[in-house]
Amino acid sequence: MLYLDHAATSPVRPEVLEAMHPYLTAVFGNPSSHHTAGEAAASALDDARARVASVLGMRRGDVVFTAGGTEANNLAVKGIVLAALDSGRRHLVVSPIEHESILESADYLSRFHAVSVTRLRVDTEGRIEPSALAEAIRDDTALVSVGHANNEIGTVQDVEALAEIARSAGVPLHLDAVQSAGWLPLRDLGADAVSIAGHKLGAPKGIGALAVRGRVPLEPLLHGGGQERGRRSGTENVAGAVGLATALELAEAERAVVSARVGAATARFIAGVLRSVPQAALTGDPEHRLPGTASFTFAGTSGEAVLLELERRGVISSSGSACAAGSDEPSPVLLACGIPPEVAQTSVRFTFGREPLPDDAPERLTVLVAESVRAASG
């Protein structure tokens, strides 16, 4: 089987399991407990926090451990906007291609807190024009929240330009880096808050982090014991935090080499599919994209039928975001890019992992895609 759905989740790395093992066995104390066992756990948690902060270019105290990327995004969007309401700032800027955790948080704020939400337009390749952000920001804007790289089409935003506009207006910028962490540099981008998720990096599901600069007020969503400096109550997942820190450090250390290798293989695959499958069209920006993401529409087919044919041939891929489980509607991301609904429903996403593949894998995969599309068309 060839697993090409790493944007949904990746396998846990052996090094991560090894790093976590002591905190699932011998060092099991509650980090809030004031005894030897608790202090050992607290020390490991503090070390993990510092390691994550270092990769993200933040301070140790900026990092809040969460249960994953969805919680991190909810905490960023709701937490920052809710904290700004007393100052009269009740305007939020997002784009229509954000992850559901961003868009549904925006909808919640609109429905229950009368927050005004502006959804920036994107071009046909999913890029936000910086001038559109400049036009959208108002005197009462509390937050701009954008995805560094899109989870469906892989388009990478010009974050530095967007951050400069937000900074000039005195508005915090939240960056959803769940897909880009480990693939793209995350330091010195100008973001005030950054979300990551462990299971995209080789850590287990159920651990993530939001790094938010200390100067940005943040209203907690979970109340209770006041853990995470009062920003996220609940006994911390020490083993998960250690796993996340280990996976993030490993991915960052390998990033330049792995991104170049995977990007070259993905480019060969994209070229092969466009050459071999007449109805194939690449979605997303052909240049500014994640190294391992290749997303196509196959007009005149059913995306689900293509997926089934691929799986029969030993290839696991997806039709888009795994977080839109059960939906048979056209992807909002593709619709926002101007793709007609009937074509958007034919989309298939291939996302490569960091592990090396055989040299001829792109060409062999191209053949399997061509066969699957022909079978689905018949």
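Helices and strands are here DSSP runs, numbered from the N terminus: helices (H or I) have at least four residues and strands (E) at least two. Just after one such helix, α6, G170 takes a positive phi of about 75 degrees. The exercises below concern a predicted model.

**Exercise 1.** Determine the order of the strands in the open sheet of seven strands, and state which strands form its edges.

*Solution.*
Step 1. Read across the open sheet, the order is β2-β8-β7-β6-β5-β3-β4, and the pairing is mixed.
Step 2. An edge strand pairs on one side only, and this holds for β2 (63-66) and β4 (116-119).
Step 3. On average, neighbouring strands of the sheet are turned by 20 degrees against each other, direction ignored.
Step 4. One pair may be examined in detail: β3 (residues 91-94) and β5 (residues 141-147) are joined in the parallel sense by three bridges. In this pair, H91 is opposite T141 of β5.

**Exercise 2.** Describe how helices α2 and α7 are placed with respect to the strands.

*Solution.*
Step 1. Helix α2 (residues 36-56) packs on the sheet and touches β2, β7 (193-197) and β8 (208-212). Its direction makes about 115 degrees with that of β2.
Step 2. Helix α7 (residues 238-276) lies across β2, β7 and β8, and runs at about 100 degrees to β7.

**Exercise 3.** Which residues of helix α6 are buried, and why do they line one face of the helix?

*Solution.*
Step 1. Within α6 (residues 159-168), the buried residues are V159, L162, A163 and A166.
Step 2. Viewed down the axis of α6, these buried residues fall within an arc of 100 degrees, so they line one face.
Step 3. A general rule helps here: an α-helix has 3.6 residues a turn, so residues three or four places apart point the same way.
Step 4. The elements covering the buried residues of α6 include α5 (130-136), β5 and β6 (173-176).

**Exercise 4.** Characterise the contact between helices α3 and α4.

*Solution.*
Step 1. The axes of α3 (residues 69-84) and α4 (residues 100-113) come within 9 Å and cross at roughly 35 degrees.
Step 2. The crossing of α3 and α4 is right-handed.
Step 3. From α3, the contact includes T70, N73, V77 and V81; from α4, it includes S101, I102, S105 and L109.
Step 4. The residues of this contact comprise seven nonpolar, six polar and one charged.

**Exercise 5.** Is strand β12 mostly covered or uncovered, and to which strand do five bridges join it?

*Solution.*
Step 1. Strand β12 (residues 347-351) is mostly covered, as five of its five residues are buried.
Step 2. Both faces are covered: S347, R349 and T351 are buried on one side, V348 and F350 on the other.
Step 3. Five bridges join β12 to β10 (residues 293-298), and the two strands run antiparallel. Within this pairing, A294 has F350 as its bridge partner.

**Exercise 6.** Are D188 and R229 buried or exposed, and where do they lie?

*Solution.*
Step 1. Residues count as exposed over 50% relative accessible area.
Step 2. D188, in the loop between β6 and β7, has 72% relative accessibility and therefore counts as exposed.
Step 3. R229, in the loop between β8 and α7, has a relative accessible area of 65% and is therefore exposed.
Step 4. Most residues other than glycine have a negative phi. For D188, however, phi is positive, near 60 degrees, and for R229 phi is positive, near 55 degrees.

Terms used. Residues numbered from 1 in each chain as written. Predicted model: local features only at pLDDT ≥ 70, side-chain atom pairs only at ≥ 80, totals over all residues. Heavy atoms only, no water. Pairing = 2+ DSSP bridges. Axes fitted to C-alpha atoms, helices over the stretch in contact; angles between N-to-C directions. Contact = heavy atoms within 4.5 Å. Buried < 20%, exposed > 50% of the residue type's maximum accessible area, 1.4 Å probe, protein only. Arc of directions from axis to C-beta. Left-handed = near helix turned anticlockwise from the far one by under 90°. Nonpolar A, V, L, I, M, F, W, Y, C, P; charged D, E, K, R; others polar.
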